[in-house]
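Work through the exercises below with the sequence and the model open beside you, trying each task before reading its solution.

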Amino acid sequence: MKSLFTNLLILVFCTSLSAQPSHRDFVFPTGITQNDFLKDEIIIKLKPEYRLFASENEIKIPSIIDELNAIGVSVIKKKFPHHAMPAHRVNENGFALADLSLIYSVKFNKNIVVDKVLTMLLHHKEIDYAEPVYINKPLYVPNDTLATYQYQYFHKNIKTFEGWDIQKGDTNIVIGITDTGIDTLHAELINQIKYNYADPINGTDDDGDGYIDNFRGWNVAFDNNDVQGVVPLHGNFVAGIASAETDNITGIAGVGFHTKFLPVRCAPNSNVIVNGDDAIVYAADHGCSIINCSWGGFGRSQYSQDIINYATINKNALVVAAAGNANNDAPFYPASYQYALSVAGTDSSDIKWTSSPTSGSSYGSYVDVSAPGDKIFSIFPTGSVPAYWYSGGTSEAAPQVSAIAALVKAQFPTLNALQIGERIRATSDNIDTIPGNAGYVNKLGKGRVNLFRALTEPAQSVRAFDTYITDNNDNAYVANDTVRISSRFTNLLDAVSNLSVTISCNSPDITLLNNTFTIGSLNSMQSDSNRTNPFEAIILPTIPLNSKVIFTYTFSANGYTDTQQFELTVNVDYLNVLVNDIGVSITSKGRLGYNDASGSQGIGFTQNGSESLLYMGSLMIGVNDSMSSDAVVGMPAGSTDQDFSAIDLIHEINPPIVSEYDLTTRFDDSGNSLPLGVQVQHNTYAWSTPADRKYVIVEYIIKNNSGTDYQDLYAGIYCDWDITANTYATNRALFDSTNRMGYAYEVTSNTNFAGIKLLTPGNVKYYAFNNDGTDGSISIYDGFSRQEKYQCMSGAGRFEAGMTGNGADISMLLSSGPFSVTAGDSVKVAFALVGGDSLQTLLMPL
């Protein structure tokens with residue numbers, strides 16, 4: 001069973017395992033596209049202290065309702081109105097119970113800018129989380145050229161027949177198949193469905209559970225009892241692997257033998273999963289001990305993690321999920337969530353399944369076990385030709401493990417969900433030594449599952465939970481930092497003695513101190529923690545930029561050894577300036593506020609400890625209508641330019657020369673397909689003296705290395721401000737010519753102001769954007785072309801935005817020029833990033 005790391009796996013698809021800055025901006029994980037989430041629905045959860053304001057169809061908090069109404073809310077309702085707050089905070093083993101009673105679905109009467117709406121909501125103290133509704137996909141990869149392969153070879157690999165000599169399952173143990181639907185009349189499935197005889201199909205909710213006629217499962221996509229759907233191909237195939245009827249003198253044999261299954265359809269009339277979380281809750285609430293998820297995506301969600309917590313801890317149901325078919329190590333969800341058992345795919349030789357460079361089993365430290373996923377034989381819907389066929393994918397691997405879990409539960413009925421998953425993991429067969437897996441050592445889980453061993457062998461397993469990582473500072477993890485790592489270590493299975501935990505790292509640029517924690521004896525479900533005496537890791541100056549390092553816990557006890565890994569990205573190329581009232585992240589590649597386009601690295605721009613007031617910021621340089629360099633919105637719509645590349649990593653000048661906190665870095669625009677040939681030295685200055693607490697200075701010395709003289713060079717700063725006291729959509733941008741400053745504020749509160757002020761001599765240019773293109777503005781929403789960028793830097797300007805009604809989503813570009821810069825020459829441009837709690841404060845002389 002994978003560890004329960006807080007914010008597990010610091011990779012490109014998730015957040016840091018560390019103490020985070022106080023601001024809460026929503027950012028999409030890297031790789032998420034506009035097709036991966038709904039545009040007219042979001043999920044929010046209230047904090048428990050505001051329970052009195054939560055009714056079934058309303059959140060009685062005026063500021064939140066006003067904002068949602070202004071955006072165009074059409075429906076707000078509890079996701080799980082029949083779920084009450086848990087009676088206790090934790091279960092008998094100390095694991096926190098999930099509370100689903102404060103989760104709401106919010107739908108809008110138009111498409112919204114999802115990430116900005118979510119960020120707006122996250123700035124409310126009453127909101128626990130606000131997230132998109134991700135669209136997941138089944139992991140079915142049909143391959144109709146493989147009919148000559150041996151019939152159901154996977155039974156041999158996972159030792160099904162040997163296991164059946166020990167345990168054939170129990171009809172009262174049910175696997176929830178959350179999928180695209182099934183053929184309810186299929187000869188291999190009709191006798192395997194767990195029918196609800198308390199609610200026959202008669203138009204009445206006979207059993208009073210809130211679902212009318214849920215006799216053979218439920219369709220959470222349409223909230224009805226049609227579990228078959230238009231094309232139940234994927235669900236049928238999955239159900240057949242786990243639960244096809246055995247000993248019926250026909251067709252195939254499901255691994256679960258006597259085990260029943262409950263179909264829960266979570267797909268509309270297409271091959272996508274849109275209500276997977278609802279399906280998990282339904283299955284958990286309706287008696288499923290195992291829940292199979294042969295689907296997923298790359299979007300991480302705290303809401304979905306709550307659902308996994310609820311199923312596992314509240315309802316004692318093990319969630320088994322496919323690790324993904326992307327053939328890479330990117331975390332895939334729900335498989336990568338805490339408590340889920342993640343299943344990778346192998347072939348008939350126990351080698352990682354791969355069908356092409358871009359298609360094959362995903363892998364990585366988040367994988368728990370492997371199971372055959374190549375050329376798996378199962379059932380098509382009734383009337384299909386052929387009726388049985390082969391397919392490949394981790395979708396086919398997961399239901400084998402789900403069925404094994406059901407048989408393990410039948411054999412060991414006192415084990416809880418976590419223990420069942422861990423027994424399967426601990427007794428799997430090591431496949432790391434197979435030559436074909438040499439590139440995937442420790443990345444295919446503990447091994448390929450073995451039913452016979454899971455049913456017969458004693459098993460020990462200690463896992464790390466609730467891992468916490470901090471540098472006791474800004475948690476940027478740069479060279480010379482000391483990183484402190486602590487976990488709660490829990491023994492899930494048989495008792496261990498003389499237990500110790502040792503931490504190691506795969507990087508020679510990490511020095512470990514205090515690397516062993518001695519525990520001694522732990523009985524089943526007992527825990528110990530090194531929170532008061534954490535492991536320490538020193539990041540050496542020689543470590544490469546943005547290094548992804550792997551830490552390994554090695555557990556050693558009498559007769560027992562095991563490992564567990566997690567990943568951390570260190571020596572990032574940005575620093576957080578926190579010297580005065582202004583907080584801002586300064587990067588090594590031209591960006592301001594955030595180090596990446598998604599806004600997941602950095603603190604944005606804050607003042608007096610506020611939430612971030614900035615969505616995106618960057619230096620912008622242009623020389624003509626077709627040549628400009630920056631790191632902001634580009635073309636086509638939804639894309640972001642990253643034209644600047646670091647030459648020197650940003651670092652502190654110590655002792656400082658200009659201010660109390662001097663930073664410097666160099667970058668060029670070699671990342672641009674049509675580079676200007678410039679090299680930029682970027683200096684940053686900040687003071688803590690009373691008169692200088694409201695600004696940070698950024699200075700750019702731009703050298704022309706192109707070999708061409710530039711006569712009309714402009715340089716400026718673009719900022720998309722979200723002054724989000726209420727909503728990003730109620731902002732205004734204006735210009736103060738006396739101070740040569742563009743500034744922004746939120747219309748309804750007037751408590752946070754932010755601006756950009758030109759400090760160096762030269763012409764000042766200013767363009768204020770209505771980002772949606774209204775009121776005659778250039779639109780940012782439909783993309784920002786090179787021509788538009790240079791036009792805004794050099795043209796007549798636009799001096800206000802968001803002036804209609806209660807404001808708008810706005811941004812600004814403050815620039816200076818034109819500069820004549822001959823080849824080899826340089827020009828210096830400097831700006832102050834200014835904040836204040838009033839316009840008067842903002843406009844005070846620097």
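**Exercise 1: the largest cavity**

Find which strand contributes most to the lining of the largest cavity, and list the lining residues.

Strand E34 gives the most, with 3 residues, strands being DSSP runs of E with at least two residues and helices runs of H or I with at least four, both numbered from the N terminus. The model is predicted, so local features need pLDDT of at least 70 and side-chain atom pairs count only at pLDDT 80 or more, while totals for chains, interfaces and linings use all residues. Residues are numbered from 1 along each chain as its sequence is written, and side-chain values use heavy atoms, with hydrogens and water left out.

Next, the lining consists of Arg591, Leu592, Tyr594, Asp596, Ala597, Ser598, Gly599, Tyr615, Met616 and Gly617; a cavity is a set of points on a 1 Å grid over the protein atoms alone where a 1.4 Å probe fits but cannot get out, and lining residues have an atom within 4 Å of a point. Two or more of these residues come from each of strand E32 (591-592) and strand E34 (614-624).

**Exercise 2: helix H8**

Compare the expected span of helix H8 with the distance between its end C-alpha atoms.

The expected span is 1.5 Å times one less than the number of residues. For the 18 residues of H8 (residues 394-411) this gives 26 Å, and the end C-alpha atoms are 26 Å apart, which agrees. Of these 18 residues, 17 are buried, that is, under 20% relative accessible area with a 1.4 Å probe, protein chains only.

**Exercise 3: the open sheet**

Determine the strand order and the edges of the sheet.

The 7 strands follow the order E10-E11-E9-E12-E14-E15-E18, with parallel pairing, where a pair needs at least two DSSP bridges. Strands E10 (218-219) and E18 (369-372) each have a single partner strand, so one side of each is left without a neighbour in the sheet.

Notes
Buried < 20%, exposed > 50% of the residue type's maximum accessible area, 1.4 Å probe, protein only. 1 Å grid on protein atoms, 1.4 Å probe; cavity = no way out; pocket = protein on both sides within 12 Å on 5 of 7 lines; lining within 4 Å.
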